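Biologist: Please take one part of this model, the aromatic side chains, and look at it closely, then follow the packing and the charged groups outward from there. I would like the reasoning spelled out wherever a geometric label is used.

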Amino acid sequence: MSEIEAGNRETCQVADRGLTMVIDKGLGRNAFIDLIETASDYMDCVKFGFGTAPLYNTELLIYKINLAKQHGITVMPGGTLLETAVQQDVVPGFFHAVCNLGFNAIEVSDGTIELTRRKRTELIQEGKKHGLKVFTEYGKKLSGSLIDAKHLAQTFELDLEAGAELVTVEARESGVGVGLFDENGECRMDILDAILRFVPDTKRLLWEAPLKHQQVLLLHKFGPDVHLGNIPASDIFSLETMRRGLRQDTFEFGIREQQAKEFFYMI
């Protein structure tokens, strides 16, 4: 795929279909190559989870970043890495490293630390100045933390105004006991309903939903084009079949894609 084709694919996906953000918690070279070969058409963003990026051999890290970008996929380090840079007062070094390595996006979050509104805006704008896509995240990572719908709405508006692409609703990589989900991973419907009251336009929200039943619920609530994140690499095909009505859980969606319809006439 040429760079132009990859760029066009990325633009079309952002505009025309729900985004799928995949979390990579340490895939090796061969596993990542297999992932790209089989599922690149169904991935919009790969996040190297938490602060894992510095743990890679530099050559391997750059290889993975470039391979994803060649297929029109946005690549970013986890928000915890930027939070660490803020805590250690090395934010300029963070942006220098991110750009030199070839990342084309960052995540601005305060799941572990506290960010003032001014600092959060500065980080978003700094990312934009470096030519990076900026995704932000709302919510704390501490077990039992809940989403304050009114505060989310305020943060949402100010983040987008500062230049954020999407605002992610925190659920960690487990999807259990934090944010929208209770200790059993079930959706707190009262919180979801409150979010919808305060944020009526959910097109710019991305919901972390690592568990299948969470994905099913959000697909039914918002439709096949909902933006979903922290999807395990092993679950990309599963999620895509549900988006397209090719699995029992969302069979009522019907076959939505010409590609799927054409399959029946291949042989």
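Modeller: I begin with a cluster in which ring pairs link Phe32, Phe48, Tyr56 and Phe103, bearing in mind throughout that the model is predicted. Counting rings as paired when their centres lie within 6.5 Å, one arrives at six aromatic pairs. In one of them, phenylalanine 48 and tyrosine 56, the ring centres are 5.8 Å apart and the planes meet at 40 degrees, so the pair is tilted; planes under 30 degrees apart would count as stacked, and those over 60 as edge-to-face. Phenylalanine 48 and tyrosine 56 are both buried.

Tryptophan 207 and phenylalanine 222 form another pair, with 5.2 Å between the ring centres and 25 degrees between the planes, and so this pair is stacked. Because tryptophan 207 belongs to strand β7 (residues 205–208) and phenylalanine 222 to helix α9 (residues 212–222), the pair ties together parts that are 15 residues apart in sequence. As for accessibility, tryptophan 207 counts as buried at 1% relative accessibility, whereas phenylalanine 222, with a relative accessible area of 24%, is partly exposed.

Charged groups also meet the faces of rings. Phenylalanine 48, already named in the cluster, has lysine 64 lying over its face at 4.9 Å from the ring centre. Elsewhere, the charged end of arginine 29 sits over the ring of tyrosine 63, at a distance of 4.9 Å from the centre of that ring.

Turning to the packing of helices, helix α5 (residues 91–101) has Val91, Phe94, Phe95, Val98 and Leu101 as buried residues. These cover an arc of only 140 degrees around the axis, and therefore they are on the same side of α5. An α-helix has 3.6 residues a turn, so residues three or four places apart point the same way. On the face of α5 turned away from the buried side are the exposed residues Pro92, His96 and Asn100, while the buried residues pack against α3 (58–70), β3 (74–77), α4 (79–87), β4 and α6 (117–129). After α5 comes glycine 102, with a positive phi near 105 degrees.

Helix α8 (residues 189–198) can be read in a similar way, its buried residues being Ile191, Leu192, Ala194 and Ile195. The arc that they cover around the axis is only 160 degrees, which puts them on the same side of α8. Asp190 and Arg197 are exposed residues carried by the face turned away from that buried side. The partners against which the buried residues of α8 pack are α7 (149–162), β7 and α9, and the latter two are the elements that the stacked pair of tryptophan 207 and phenylalanine 222 ties together.

Strand β4, one of the elements that α5 packs against, spans residues 105–108 and contains glutamate 107. Glutamate 107 is buried, with a relative accessible area of 3%. Its side chain makes a polar contact with the side chain of lysine 47 at 3.3 Å, and the side chain of glutamate 107 also reaches the backbone nitrogen of glycine 79 at 2.9 Å. Leaving aside residues up to four places away in sequence, glutamate 107 touches Lys47, Met76, Pro77, Gly78, Gly79, Leu82, Phe135 and Glu137.

The charged groups, finally, give 16 salt bridges in the structure. One of these joins arginine 120 and aspartate 110, whose closest N and O atoms are 3.6 Å apart. Since arginine 120 lies in helix α6 and aspartate 110 in the loop between β4 and α6, the pair ties together parts that are 10 residues apart in sequence. Both arginine 120 and aspartate 110 are buried.

Also in α6, arginine 118 and glutamate 122 meet through their side chains in a salt bridge of 3.4 Å, N to O; being four residues apart in that helix, they are separated by about one helical turn. Arginine 118 counts as exposed at 65% relative accessibility, and glutamate 122 as partly exposed at 35%. Lysine 141 and glutamate 137 form a further salt bridge between their side chains, at 3.5 Å, N to O, and both residues are buried. Asp110, Arg117, Arg120 and Asp159 are joined into one network by salt bridges that share partners.

Technical notes
Residues numbered from 1 in each chain as written. Predicted model: local features only at pLDDT ≥ 70, side-chain atom pairs only at ≥ 80, totals over all residues. Heavy atoms only, no water. Buried < 20%, exposed > 50% of the residue type's maximum accessible area, 1.4 Å probe, protein only. Lys NZ or Arg CZ within 6 Å of the ring centre and 35° of its normal. Arc of directions from axis to C-beta. Contact = heavy atoms within 4.5 Å. Polar contact = N/O pair within 3.5 Å; in protein donor to acceptor, adjacent residues only side chain to side chain. Salt bridge = Lys/Arg side-chain N within 4 Å of Asp/Glu carboxyl O.
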